[in-house]
Amino acid sequence: MYETIALVGATGAVGRIVLDQIVSRKLPYKRLKLLASERSVGKEVRVGDQTIKVELLEPDAFKNVDLVIGSTPDEVAAEFAPWAVAAGAVVVDESGFWRMDAKVPLVIPEVNPDAVDHHSGIIASPNCSTTQMVVALAPLHKAARVKRVIVSTYQATSGAGLAGNEELRDSIRDSLAGKTHPPKTFAHPIAFNLIPQIGSEKQDGYTSEEMKMVYETRKILGDDDIQVCPTCVRVPVLIGHSESILVETERPLTVMEATELFRGADGVTVVDDLAAKQYPMPLDCDGKDDVFVGRIRHDISGSGGIAFWCVSDNLRKGAATNAVQIAELLMRKAAAV
Ligand SMILES: NC(=O)c1ccc[n+]([C@@H]2O[C@H](COP(=O)([O-])OP(=O)(O)OC[C@H]3O[C@@H](n4cnc5c(N)ncnc54)[C@H](OP(=O)(O)O)[C@@H]3O)[C@@H](O)[C@H]2O)c1
């Protein structure tokens, strides 16, 4: 049973939405503990009709905790997850640190829910740009086997946490006032600009964010033959990642068939009427939990593939919603035993 939940990183961009989801989805917990760094200790946070004080993340913080949701930087997750597991808790972690560990299931509840059964104390939630793409690809993969994906992302500044959004706002304000705003979170000015680098240089000219899309997609869909060519770009949008995706399947799909597969998939909403100017956009997806798909069309360059546009709130399905859904799944399975 999972009666006591701890949220590590409760004060961050994702942590705040996790709290919102815990309340709105009525997660059946008895006690909730909020943990963060010493910068936040003692801060009071409203959670539904309760006010909870933030406590310090330290090795003893997980005594009597059953379930942990972690929304911290990688290096913090690397340190605290073993403390929590040693104290007997199960950890659902949103950082990148544990995702590719062979003993750690990487789970999207709509796609590979049974993977949670094989954990050794830690379950990882995928990277935001991977999650929305894989939620959309999963029904096509099931029906026709995905062979190759070419994806360009247009990623919101909140993907870099609260600091990312602060930098976008400050940089736009200063830019409009004719002042320069030295970038801190991003490598270049983000106001009125696009930055074709997310993460560090990783391999063959691809960044760490791009390689996450390659490896995490294969792990979640359980198919190491899937080829992914990603280009990840930071854009001056506060919330909502967008992706232009071209997918080739072993059995070619028609546009109508692909559209029906998207329509029938859990967690996917199709918004696709070009004549009526209807397609998913970040401003419309902000605050929503689904993955939105539109501009579905065949590849006129002749690959036989399907091109489409995919948008999702990176703080929700890309992070908090997915983690809370994993927690719900664990709770449902524990209650069924
Ligand atoms: N943002 C997204 O779209 C997104 C999507 C998917 C996954 N993720 C992942 O989710 C994690 C959190 O991202 P975020 O965007 O919420 O970042 P954020 O806004 O910077 O929040 C980071 C959180 O971690 C806490 N923290 C930092 N250092 C700590 C330490 N030494 N000890 C204890 N707590 C510490 C912070 O607490 P203080 O307030 O006390 O500093 C804060 O609560 C990251 O691993 C990120 O890669 C983010």
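Student: In which sense do β13 and strand β14 pair, and over how many bridges?
Tutor: Bear in mind that this is a predicted model. One place to look is Thr 269, which stands opposite Phe 292 in β14. β13 and β14 (residues 291–298) pair in the parallel sense, and the number of bridges is three.

Student: Which strands stand at the edges of the sheet with the order β11-β8-β12-β15-β14-β13?
Tutor: That sheet is open, with six strands and mixed pairing. An edge strand here has a single partner strand, so one of its sides is left without a neighbour in the sheet. The strands that fit are β11 (227–234) and β13 (268–270).

Student: What does the twist average from one strand to the next there?
Tutor: Walk along the open sheet in the order β11-β8-β12-β15-β14-β13. Going from one strand to the next, the twist averages 25°.

Student: Which strands does α6 lie across?
Tutor: Start with β14, since α6 runs at about 170° to that strand. The full list of strands under α6 is β13, β14 and β15 (306–312).

Student: Are α3 and α6 oblique or parallel to each other?
Tutor: The axes of α3 (residues 128–144) and α6 (residues 255–264) come within 9 Å and cross at roughly 120°. Roughly perpendicular stops at 115 degrees and roughly antiparallel needs over 145. The crossing angle falls between those limits, so the two helices are oblique.

Student: By class, how many nonpolar residues does the contact of α3 with α6 have?
Tutor: Here's who meets whom: Ala 136, Pro 139, Leu 140 and Ala 143 in α3 face Ala 258, Leu 261 and Phe 262 in α6. No polar and no charged residues turn up in this contact, and the nonpolar count is seven.

Student: Is α1 oblique or parallel to α8?
Tutor: α1 (residues 13–24) and α8 (residues 316–336) pack with their axes 9 Å apart, at an angle of about 45°. Roughly parallel would need an angle under 35 degrees, and roughly perpendicular starts at 65. That leaves α1 and α8 in the remaining class, which means oblique.

Student: How many charged residues does the contact of α1 with α8 have, by class?
Tutor: α1 brings Val 14, Ile 17, Val 18, Asp 20, Gln 21 and Ile 22, while α8 brings Arg 316, Ala 319, Ala 320, Thr 321 and Val 324. Seven of the residues in this contact are nonpolar and two are polar. Asp and Arg belong to the charged class, and the charged count is two.

Student: What is the largest C-alpha distance for the residues in the "binding site" annotation?
Tutor: According to UniProt (an unreviewed entry), the annotation covers Gln 155 and Arg 234. They are spread over 80 residues of sequence but cluster in space, with a largest C-alpha distance of 4.7 Å.

Student: Which strands stand at the edges of the open sheet of seven strands?
Tutor: Its order is β3-β4-β2-β1-β5-β6-β7, and the pairing is mixed. We want strands with a single partner strand, so that one side is left without a neighbour in the sheet. Those are β3 (44–47) and β7 (122–124).

Student: Which residue in β4 is the bridge partner of Val 45?
Tutor: β3 and β4 (residues 50–56) run antiparallel and are joined by four bridges. Across in β4, the bridge partner of Val 45 is Ile 52.

Conventions:
Residues are numbered from 1 along each chain as its sequence is written. This is a predicted model: local features need pLDDT of at least 70, side-chain atom pairs count only at pLDDT 80 or more; totals for chains, interfaces and linings use all residues. Side-chain values use heavy atoms; hydrogens and water are left out. Axes are lines fitted to C-alpha atoms, for helices over the stretch in contact, and angles run from 0 to 180 degrees between N-to-C directions. Contact means heavy atoms within 4.5 Å. Two strands pair if DSSP finds at least two bridges between them. UniProt positions are given in the numbering used here, feature names are shortened, and annotations may be inferred rather than shown by experiment.
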